[in-house]
Amino acid sequence: MKDIYALKLMESVTIENDLESYTTVQRVPGGWIFTEYVESHSDGSNDRSTNISSVFVPYNEEFHPMHSKRKLL
């Protein structure tokens, strides 16, 4: 998976959670938008629905891979 800190503006990456759900991360000004897609099936039918949930995560260097290396210097 591509490091989310390396994403260019408006670029996105998809994370497969399991067979019926996945998450996309899109780089936007000031942070990222995480969107989770979960497919569900109705009992006894072929009907499918997708539940979508999104959250904005502000940019923060606390978890940046280079952050810990900078502290050591």
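Let me start with a term: a strand here is a DSSP run of E, at least two residues long, and numbering starts at the N terminus. With that in hand, Val55 can be placed in strand E4. We will come back to Val55 later.

Good morning. What you have in front of you is a predicted model. Let me begin with the whole chain.

There are 73 residues in the protein chain, and 19% of them count as buried. What secondary structure do we have? One helix and four strands. Read from the N terminus, the order is β-β-β-β-α. Now the contacts. Take those in the chain with a separation of 6 or more. Residues 24 or more positions apart account for 25% of them.

Next, the sheet. It is open, it has four strands, and the pairing is antiparallel. The order across it is E1-E2-E3-E4. Which strands stand at the edges? E1, residues 12-18, and E4, residues 48-58. Each has a single partner strand, so one side of each is left without a neighbour in the sheet. Neighbouring strands are turned by 20 degrees against each other on average, direction ignored. A general reminder: strands of a sheet pair through backbone hydrogen bonds, either parallel or antiparallel.

Let's walk across, pair by pair.

First stop, E1 and E2. Strand E2 covers residues 21-28, and E1 pairs with E2 over six bridges, antiparallel. Find Ile15. Opposite Ile15, in E2, stands Thr23. A hairpin of two residues joins E1 to E2.

Next, E2 and E3. Strand E3 takes in residues 31-41. How many bridges join E2 to E3? Eight, and the two strands run antiparallel. One partner pair to look for is Tyr22 with Tyr37, the latter in E3. This hairpin also has two residues between the strands. Gly30 in this hairpin takes a positive phi, near 90 degrees.

Last pair, E3 and E4. These strands are antiparallel too, over 11 bridges. Here His41 has Arg48 of E4 as a bridge partner.

While we are on backbone angles, go back towards the start of the chain. Met10 sits in the segment before E1. Phi of Met10 is positive, near 70 degrees, and this is a residue other than glycine.

Now some individual residues. I'll start with Arg27, which belongs to strand E2. Is Arg27 buried or exposed? Buried, and without a salt bridge. A salt bridge would need a side-chain nitrogen of Lys or Arg within 4 Å of a carboxyl oxygen of Asp or Glu. For Arg27, the nearest side chain of opposite charge is Glu61, and Glu61 is 8.5 Å away. What does the Arg27 side chain have instead? One of its polar atoms lies 2.9 Å from the backbone oxygen of Gly31. Now set aside neighbours within four places in sequence. Arg27 is then in contact with Leu7, Lys8, Leu9, Met10 and Glu11, as well as Trp32 and Tyr59. Met10 is in that list, and Met10 is the residue with the positive phi near 70 degrees.

Stay in E2 and move to Ser21. Ser21 has 8% relative accessibility, so Ser21 counts as buried. What does Ser21 touch, not counting residues up to four places away in sequence? Glu16, Tyr37 and Val38. Tyr37 is also the bridge partner of Tyr22.

On to E3, and to His41. The relative accessibility of His41 is 42%, so His41 counts as partly exposed. Beyond neighbours within four places in sequence, His41 is in contact with Glu20, Asp47 and Arg48. Look at Glu20 in particular. Glu20 and His41 are 21 residues apart along the chain, and their C-alpha atoms are separated by 9.7 Å.

Finally, Val55 in E4, as promised. At 46% relative accessibility, Val55 is partly exposed, because buried means under 20% and exposed means over 50%. Which residues are in contact with Val55, leaving aside neighbours within four places in sequence? Trp32, Ile33 and Phe34. Thr35 is 20 residues from Val55 in sequence, and 6.6 Å away in space, C-alpha to C-alpha.

To recap: the predicted model has an open, antiparallel sheet of four strands, and the chain runs β-β-β-β-α. Arg27 is the one to find on your screen: buried, with no salt bridge. Thank you.

How values were computed. Residues are numbered from 1 along each chain as its sequence is written. This is a predicted model: local features need pLDDT of at least 70, side-chain atom pairs count only at pLDDT 80 or more; totals for chains, interfaces and linings use all residues. Side-chain values use heavy atoms; hydrogens and water are left out. Two strands pair if DSSP finds at least two bridges between them. Axes are lines fitted to C-alpha atoms, for helices over the stretch in contact, and angles run from 0 to 180 degrees between N-to-C directions. Buried means under 20% relative accessible area, exposed over 50%, partly exposed in between (1.4 Å probe, protein chains only). Lys and Arg count as positive and Asp and Glu as negative; His and the chain ends are not counted. A polar contact is a pair of N or O atoms within 3.5 Å; within protein, one must be able to donate a hydrogen and the other to accept it, and residues adjacent in sequence count only if both atoms are side-chain atoms. Contact means heavy atoms within 4.5 Å.
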